[in-house]
Amino acid sequence: MTLPIAIIVVMLRPIQLIRFGPLRSERIGHFSKDTEIYLCQLDEKILSSKPFDIFYYKSPISNRQLKKMWDRILHVSRIAKVFESVFRILPGGRHHLDPISNVAIDSQGLIARTQPHLFFTPEEEEKGQKTLREWGIPKDAQFICFQSRDSKYLEEKLPVLQKDRWRYHKYRDSYIHSYIPAIDALVQEEYYGFRMGSVAKETLKINNPRIIDYASNGYRTDFMDIYLASKCKFFIGDTVGFNNVPIIFRRPFAFVNYIPMIPQSWSAGSLFIPKKLWVRNENRFLTFREILDPRAEMLFDQNKQYEKHGIEVIDNSPEEIAALSIEMDKRLKGTWHASDEDDELQERLLSIMSKSKFGNNNLTNTIMGAEFLRHNKNLLD
């Protein structure tokens, strides 16, 4: 029966386009943001017509709570995988494939101008609040979440035969303890801090009851992963895939160790600082203009490309991360005051970013940390 139904689907295409394809559920970054941007595209009528899309999940599923929430608003069925196979060999079948592309970069600024699609049921809201109380978090207490990327998740959850298979993205990793001065400063402002992650290479070496190593203390669940990320005052993190969870809930994001420096917009109130690129044989840092020059090959996505060009990737320092986090807190409280120099430096940066090959006109929420920009204004030359 599969082939006759597939032929009917093709015949119906002028009236109603029906498509089949996977949700990238095996990696939470794609599972969250790719899916959310697809729904934003439907909201904004960016697609030429409104298709009827049927999905299936890829294994292993990275987060069961996220799956449950997508199930509420998407058409998901195992038959989608069967029909995907048929349409890959059927003439003209390409029109009925791959509803969601790899769109983790929000180049159109959709997140900033749309509302979240996921929601918690009243029962889930009660469950989340009850769990926080059981952990000793007072009612109405504010908290931030933070996380740094390491390779342990991919090595454990998506093992492959090739040795060091996941090393190609090692340049995106950062050191979790470099975040601790920032979190220490924030808990002085009455926040609690949750270190996130389903698996982590290192536990936190701290003795502060307001900083919870949720990734390692045995309390971690798929449900609380999503609940915490959706309810935090803001999130501090690098390019770890989980960072897309607070983003799809439109939580402000303090993006540190951002690399590659691809221009895009985030949730309102977000800030970022990039990793810097040191050119060994020239004894200098690449400027932002050089990194973003459309004629250059500096938006690398593999370790070997940096090595090939003799470039050392420099992480943000603990002081830089702390400065960005404090600025974020002040901006959200309305106590941050930018100087004329800050405004001028931001304008110069946006001018450079908008002219890159990834540039767009939707960079209104693309704001680099003021102190980082002041200390690195030479990178605007």
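Two strands are taken to pair if DSSP finds at least two bridges between them. In the predicted model described here, strand β3, residues 143-147, and strand β6, residues 235-237, meet this condition, pairing in the parallel sense over three bridges. Within this pairing, Phe146 has Ile236 of β6 as its bridge partner.

The two strands belong to an open sheet of six strands, in which the order is β5-β4-β3-β6-β7-β8 and the pairing is parallel. The sheet is bordered by β5 (211-212) and β8 (271-274), edge strands that each pair on one side only.

Overall, the protein chain contains 15 helices and 11 strands. Its radius of gyration is 22 Å, close to the 21 Å given by the globule rule for 381 residues, so the chain is as compact as a globular protein of that length. The C-alpha trace spans about 65 × 55 × 45 Å along its principal axes.

Of the 381 residues in the protein chain, 52% are buried. Among contacts with a separation of 6 or more, 73% are accounted for by residues 24 or more positions apart.

The surface and charges of the protein chain were also computed. The exposed area of the chain is about 18300 Å², of which carbon and sulfur atoms supply 51%. The chain carries 54 positive and 49 negative charges, and the mean positions of these two sets lie 6 Å apart.

Note on methods
Residues are numbered from 1 along each chain as its sequence is written. This is a predicted model: local features need pLDDT of at least 70, side-chain atom pairs count only at pLDDT 80 or more; totals for chains, interfaces and linings use all residues. Side-chain values use heavy atoms; hydrogens and water are left out. Helices (H or I, at least four residues) and strands (E, at least two) are DSSP runs, numbered from the N terminus. The radius of gyration is taken over C-alpha atoms; the globule rule is 2.2 Å times the number of residues to the power 0.38. Buried means under 20% relative accessible area, exposed over 50%, partly exposed in between (1.4 Å probe, protein chains only). Contact means heavy atoms within 4.5 Å. Accessible areas come from the Shrake-Rupley method with a 1.4 Å probe; for residues, only the protein chains shown count as cover. Lys and Arg count as positive and Asp and Glu as negative; His and the chain ends are not counted. The place of a charge is taken as NZ of Lys, CZ of Arg, CG of Asp or CD of Glu.
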